[in-house]
Amino acid sequence: MEVKFYGVRGSISVSGIKYSEFGGNTTCLMIIAPGTQRIGVIDAGTGIRQLGADFLAKGSDQKDIFIAFTHFHWDHIQGFPFFAPAYDPDMTINLLAKGGDRRLKCLQDIFATQMQETYFPVAMGEMGARFEFLLIENSTQTFIPPDQVPVHVTAVRHNHPGGAYSYRYERAGRSLVFSTDIEHGESIDENIVSLAQGADLLIHDGQYSNEQLATKKGWGHSSYEQAAEVAIRANVKQLIVTHHDPDHDDEYLRGAEQRCRDIFPDTTFAREGLLVST
Ligand SMILES: [Zn+2]
Ligand SMILES: [Zn+2]
């Protein structure tokens, strides 16, 4: 699998010369199945606008796209109205979330609400694409894409205001885990260590340092030191730290990346446009 980062910022998008290396768009990842060039998306922060533009520019014949959501805070959904493929009448957009206490109607409302005319000039029903709202009911679900290579998706709920989910994707013996907007609490969440066990790639929230985290209890995020601890304990091959704080400029993040590498050497802080193969 390949992962391309289109949005690596947490909480709110930022712009300016101080952010030019790591980027300012909020959370959005593209997962690419090797060989087929079929894509899937996780979260629809502001980064999804460029993802959609790149997808159309490539002239792909893929006519259905899955977008999985970790949760529905603004920084994970705000780019959705600007996702150009959703305006293509030949396209089906599958919006995917973990079920739990959430109902299908509720999932539909989340997207329709942010496109009410008070907030946005185009209603969801007028965009053009066909929308499917899917809930993963079991903790692990298997999808069979057109290339017939099964994709196993496991979702685990973790601590965040309002709740959020970590995901593990497995395809053809390769695995990646995405765990963002997670607050571990006094000790590391053992469920996440289990979820990430042996993964080729762990992408983990690292919005703060341990020192900053001490003053941000209840804000729903991790330190990069905690991300490194999960990586070590889960014995993953590679760690990408993401969901950078809007107050952290390029200079800060370069320093934090180096400090994190002292704990777990195979660490990279996510940058917009970064492409990683597992
Ligand atoms: Zn967030
Ligand atoms: Zn959040």
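These are my notebook entries on one predicted model.

**Entry 1: overall**

I began with the whole chain. The protein chain holds 7 helices and 14 strands. I looked up its extent next. Along the principal axes, the C-alpha trace spans about 50 × 40 × 35 Å. Then I checked the radius of gyration. A compact globule of 278 residues would come near 19 Å, and the protein chain has 18 Å, so the two agree. I also took the burial share: 45% of the 278 residues count as buried. Contact range came last. I took the contacts between residues at least 6 apart in sequence, and 66% of them join residues at least 24 apart.

**Entry 2: the sheet with S1**

I traced the strand order here. The sheet is open, has 7 strands and reads S6-S5-S4-S3-S2-S1-S14, with mixed pairing. Which strands stand at the edges? They are S6 (130-136) and S14 (275-277). Each has a single partner strand, so one side of each lacks a neighbour in the sheet. I noted the twist as well: neighbouring strands are turned by 25° against each other on average, direction ignored.

I then followed S1 to its partners. S1 and S2 run antiparallel, joined by 5 bridges. On the S2 side, Glu2 has Ile32 as its bridge partner, and Val3 has Ile31. S1 also pairs with S14, again in the antiparallel sense, over 3 bridges. There, Glu2 stands opposite Ser277. I therefore logged Glu2 under both pairings, with Ile32 in S2 and Ser277 in S14. As a reminder to myself, strands of a sheet pair through backbone hydrogen bonds, either parallel or antiparallel.

**Entry 3: helix H1**

I moved to H1, residues 48-58. Which of its residues are buried? I list Ile48, Arg49, Gln50, Leu51, Gly52 and Phe55. An α-helix has 3.6 residues a turn, so residues three or four places apart point the same way. The buried residues of H1 pack against three strands: S1 (2-7), S2 (28-32) and S3 (39-42). I also checked the stretch just after the helix. Gly59 takes a positive phi there, about 70°.

**Entry 4: the sheet with S7 to S13**

I traced another open sheet of 7 strands. Its order is S7-S8-S9-S10-S11-S12-S13, and the pairing is mixed. The edges are S7 (140-143) and S13 (267-269). Each of these has a single partner strand, so one side of each is left without a neighbour in the sheet. The twist averages 20° from one strand to the next.

I looked closer at S8 and S9. S8 covers residues 151-158, S9 covers 164-171, and 8 bridges join them in antiparallel fashion. Val151 has Arg171 in S9 as its bridge partner. Helix H7 (residues 250-263) packs on this sheet. H7 touches S12 (238-242) and S13, and its direction makes about 165° with that of S13.

**Entry 5: the nonpolar core**

I asked which residues of the largest nonpolar core touch the most other members. The core has 68 residues, and the answer is Leu29, Val41, Ile67 and Leu202. Helix H6 (residues 224-233) gives the most to this core, with 5 residues. In soluble globular proteins, nonpolar side chains tend to be buried together.

I listed the contacts of Leu29, leaving out residues up to four places away in sequence. Leu29 touches Val3, Phe5, Tyr6, Val41, Ile42, Asp43 and Phe178. Val41, one of these contacts, is also among the residues that touch the most other core members.

**Entry 6: positive phi outside glycine**

I flagged two residues here. Gln148 is not a glycine, yet has a positive phi of about 70°. Gln148 sits in the loop between S7 and S8. His243 is not a glycine either, and its positive phi is about 60°. His243 lies in the loop between S12 and H7.

Is Gln148 buried or exposed? I count 6 other C-beta atoms within 10 Å of Gln148, so this residue is exposed. His243 has 29 C-beta neighbours inside 10 Å and therefore counts as buried. The cut-off for buried is 20 or more, and for exposed 12 or fewer.

Terms used
Residues are numbered from 1 along each chain as its sequence is written. Chains are lettered from A and ligands numbered from 1 in the order in which they are written. This is a predicted model: local features need pLDDT of at least 70, side-chain atom pairs count only at pLDDT 80 or more; totals for chains, interfaces and linings use all residues. Helices (H or I, at least four residues) and strands (E, at least two) are DSSP runs, numbered from the N terminus. Two residues are in contact if their C-beta atoms, placed from the backbone, lie within 7 Å. Two strands pair if DSSP finds at least two bridges between them. Axes are lines fitted to C-alpha atoms, for helices over the stretch in contact, and angles run from 0 to 180 degrees between N-to-C directions. A nonpolar core is a set of buried Ala, Val, Leu, Ile, Met, Phe, Trp, Tyr and Cys residues joined through C-beta atoms within 7 Å. The radius of gyration is taken over C-alpha atoms; the globule rule is 2.2 Å times the number of residues to the power 0.38.
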